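Let's walk through this one together, a question at a time. Have the viewer open and follow along.

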Amino acid sequence: MKIAGIIKSSFIDYPGSAAVVIFLGGCNFSCGYCHNPEIVRGSEAEIEVPDFLEFLKKRRRFVDAVCISGGEPTLYGEELYELIARIRELGYRIKLDTNGTAPVLLRRLLEAGMVEHAAMDVKGPWEKYAQIVREGGAMVSRVQESLALLMEQAEASEGAFTFELRTTVCRELLDAADIENMARQLSGASCWYLQTFKRQGALLDEAGAYSAYSPEEMERLRAAAEAAGTVKSVRVR
Ligand code: SF4
């Protein structure tokens, strides 16, 4: 397992809690706008798991939760399950960031109560997945399965498990019709973030042209999505 990066204290990654964030290297998608090319390619510096667990032991008094992000953490399969189990033994709550391509592992984690909060990327309307993720577009049915699982679990858990959906919105990839289409496809979800694309250093697609909508345009997209009445809360960030 490659822990490719760490944020020792974050107040924005876990709703309502201070959290440690780790980034696991590697991804099975290749979104052109991805601003973590080093992590996706797994070329960042590694932190060994035992060192990380030692760090967490000392941190428990100050931090309540651990966010596991990537890259795509679920690529690690059983190793991820074991890591989460070890972190939970130390008394932390878990947030998992995922692109939704591992519904079998996700089901195991959810049914075992190993994750309190999840954030799943929804890259675009199902029909545009291949264009946006570039590699791995055929896995869209797995993302659909994961979405259904998250909804099921959130409903069954009566508040013990929550999740959010998030979509990076680039002018070149998504337009108003796409967002309205997505609102229909995500029907029943409670929380969907439209994330304004931000250029921060190198992108995975070095040659690609990606740009952001203005704040006013993002607000119009948000309002259109909310007007569909299918997702409880649509927010821009
Ligand atoms: S933005 Fe795409 S390529 Fe980058 S980590 Fe997320 S799913 Fe992987």
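A polar contact here is a pair of N or O atoms within 3.5 Å, where one must be able to donate a hydrogen and the other to accept it. Keep in mind that the model is predicted.

Q: With which side chain does the side chain of Asp97 make a polar contact?
A: Start from strand β4, residues 93–98, which holds Asp97. Its side chain has a polar partner at 2.9 Å. That partner lies in strand β3, residues 65–70. The side chain in question is that of Ser69.

Q: Is Asp97 buried or exposed?
A: Residues count as buried under 20% relative accessible area. Asp97 has a relative accessible area of 6%, so Asp97 is buried.

Q: What is the relative accessible area of Ser69?
A: Ser69 shares the 2.9 Å polar contact with Asp97. Leaving aside neighbours within four places in sequence, Ser69 is also in contact with Val21, Ile22, Phe23 and Leu24. Ser69 is buried, and its relative accessible area is 9%.

Q: What radius of gyration does the chain have?
A: The chain contains eight helices and eight strands. For 237 residues, a compact globule would come out near 18 Å, and the chain agrees with that. Its radius of gyration is 17 Å.

Q: How far apart are the mean positions of the positive and negative charges of the chain?
A: The count takes in 28 positive and 34 negative charges. Averaging the places of each set gives two mean positions, and the distance between them is 4 Å.

Terms used: Residues numbered from 1 in each chain as written. Predicted model: local features only at pLDDT ≥ 70, side-chain atom pairs only at ≥ 80, totals over all residues. Heavy atoms only, no water. Helix = DSSP H or I, 4+ residues; strand = E, 2+ residues; numbered from the N terminus. Buried < 20%, exposed > 50% of the residue type's maximum accessible area, 1.4 Å probe, protein only. Contact = heavy atoms within 4.5 Å. Rg over C-alpha atoms; globule rule 2.2 N^0.38 Å. Lys, Arg positive; Asp, Glu negative; His and termini not counted. Charge placed at Lys NZ, Arg CZ, Asp CG, Glu CD.
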